[in-house]
Amino acid sequence: TLALVRDVPFHFEPGEQMRYSNSGYLLLGMLLEAVTERAYADHVAEHLLAPAGMASSRYCDQRALIPRRASGYEYTPDGLLRARFVSFRIPFAAGGLCATAADLVEWTRALHDGRIVSPALHAELVRPGQLTGGRATRYGLGLAVGELAGRPAWHHGGGIQGFTSYAAYFPDDSLSVAVLVNTMGPMGADAVVEAMARALPGGAGRAATAPAPADLSRFVGRYGGAEVTLGPGGLHVTGLPFGEADLRPVGGTTFTDGRGLYTTRQ
């Protein structure tokens, strides 16, 4: 892993922008193993999963026999197919965990009620980062910080071949929500969580869109395998696993195509 990123130039000077990086999480996992002199999976099991009561969760292993283990699927031009194989050693500390939705709810509760980190460290987790000049990001220390469907939320999602996931905590409601979807396709876990947020008391009738940011051109570019362009009708994204779509503003730097949410971490 280190050899893959060692000589890659920075996208920008430190502090000028914020960009989510799986490679950064891989490096943190390597650092954790070096400091603790323990395997990452063992440390996570003892210090994170056990205190949270996540009895049905573990670091993934394709060889393990796990009762009721879900298979992942993908939408393809030939229809719904089993997801392509991926070794969970590849995501390492950037993912690679197997869990149930109930366990993820327990995780959000444990993280935000003081069972995992101290109050001082928790405050750091949910504090938006500050860029050069004082501009705030929409990301804390491993958590997206902002709103979902107009409600304050601390949240994060993930995806790998055949699966999407999203977990959110709504501090004003003391509510934890977790969604797992074992199909990579039109309806992602993030869209389900957003719909649930709209259905909360006081959330009915919230607008599905918000005023568009004044300068949409700053969102044009490539995001992994997807490409965002700007036309007379607004932003349009191509290269998604299930085709292309128009993007409508939800709020801040978050957009939706009616099936999922897309956020630029600026």
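**Close-up 1. Arg198 and Glu194 make a salt bridge inside helix α6.** In this predicted model, arginine 198 and glutamate 194 are joined by a salt bridge, with 2.1 Å between the closest N and O atoms. Both residues belong to helix α6, which covers residues 189-199. They sit four residues apart, or about one turn of the helix. Are these two charged partners buried or exposed? Arginine 198 has a relative accessible area of 18%, so it falls under the 20% cut-off and counts as buried. Glutamate 194 is buried as well, with a value of 10%.

**Close-up 2. Two further salt bridges, Glu124 with Arg127 and Glu227 with Arg222.** The model has nine salt bridges by the rule used here, and two of them are picked out in this view. Glutamate 124 and arginine 127 meet through their side chains, at 2.5 Å from N to O. Glutamate 124 is partly exposed at 38% relative accessibility, and arginine 127 is partly exposed too, at 42%. In the other pair, glutamate 227 and arginine 222 have their closest N and O atoms 3.2 Å apart. How exposed is each end of that bridge? Glutamate 227 is partly exposed, with a relative accessible area of 31%. Arginine 222 comes out at 54%, and since the line for exposed is drawn at over 50%, that residue counts as exposed.

**Close-up 3. The open sheet β5-β6-β7-β8.** Four strands line up in that order, and the pairing is antiparallel. The edges are β5 (144-148) and β8 (175-181), each of which pairs on one side only. On average, neighbouring strands of this sheet are turned by 30° against each other, ignoring direction. In the middle of the strand order, β6 (residues 151-160) and β7 (residues 163-170) run antiparallel and share seven bridges.

**Close-up 4. Histidine 155 and its surroundings.** Now for a residue in strand β6, histidine 155. Across from histidine 155, in β7, stands alanine 168. Histidine 155 has a relative accessible area of 4%, so it is buried. Which side chain makes a polar contact with histidine 155? That would be tyrosine 166, at 2.7 Å. Leaving out residues up to four places away in sequence, histidine 155 touches Leu143, Ala144, Glu147, Leu148, Tyr166, Ala167 and Ala168. Tyrosine 166 therefore turns up in the contact list as well as in the polar contact.

**Close-up 5. Helix α4 lying across the sheet.** Helix α4 takes in residues 101-112 and lies across β6, β7 and β8. Its direction makes an angle of about 145° with β8. The helix has twelve residues and reaches 17 Å from its first C-alpha to its last, close to the 16 Å expected at 1.5 Å a residue. Which of its residues are buried? They are Asp103, Leu104, Val105, Thr108, Ala110, Leu111 and His112. These buried residues pack against α5 (119-125) as well as β6, β7 and β8. Just past the helix, glycine 114 has a positive phi of about 95°.

**Close-up 6. Helix α2 from start to finish.** This view follows helix α2 (residues 22-36) along its length. At its start, a side-chain oxygen of serine 21 comes to within 3.3 Å of the backbone nitrogen of serine 23. Why does the length of α2 look right? Its 15 residues should span 21 Å at 1.5 Å a residue, and because the end C-alpha atoms are 21 Å apart, the two figures agree. After the helix comes glutamate 37, with a positive phi near 55°.

**Close-up 7. The three-stranded sheet β3-β2-β9.** This open sheet has its strands in that order, with mixed pairing. β3 (79-82) and β9 (183-184) are the edge strands, each pairing on one side only. β2 (residues 73-76) runs parallel to β9, and the pair is joined over two bridges. Which residue of β9 stands opposite tyrosine 73? It is threonine 183.

How values were computed: Residues are numbered from 1 along each chain as its sequence is written. This is a predicted model: local features need pLDDT of at least 70, side-chain atom pairs count only at pLDDT 80 or more; totals for chains, interfaces and linings use all residues. Side-chain values use heavy atoms; hydrogens and water are left out. Two strands pair if DSSP finds at least two bridges between them. Axes are lines fitted to C-alpha atoms, for helices over the stretch in contact, and angles run from 0 to 180 degrees between N-to-C directions. Contact means heavy atoms within 4.5 Å. A salt bridge is a side-chain nitrogen of Lys or Arg within 4 Å of a carboxyl oxygen of Asp or Glu. Buried means under 20% relative accessible area, exposed over 50%, partly exposed in between (1.4 Å probe, protein chains only). The expected span of a helix is 1.5 Å times one less than its number of residues. A polar contact is a pair of N or O atoms within 3.5 Å; within protein, one must be able to donate a hydrogen and the other to accept it, and residues adjacent in sequence count only if both atoms are side-chain atoms.
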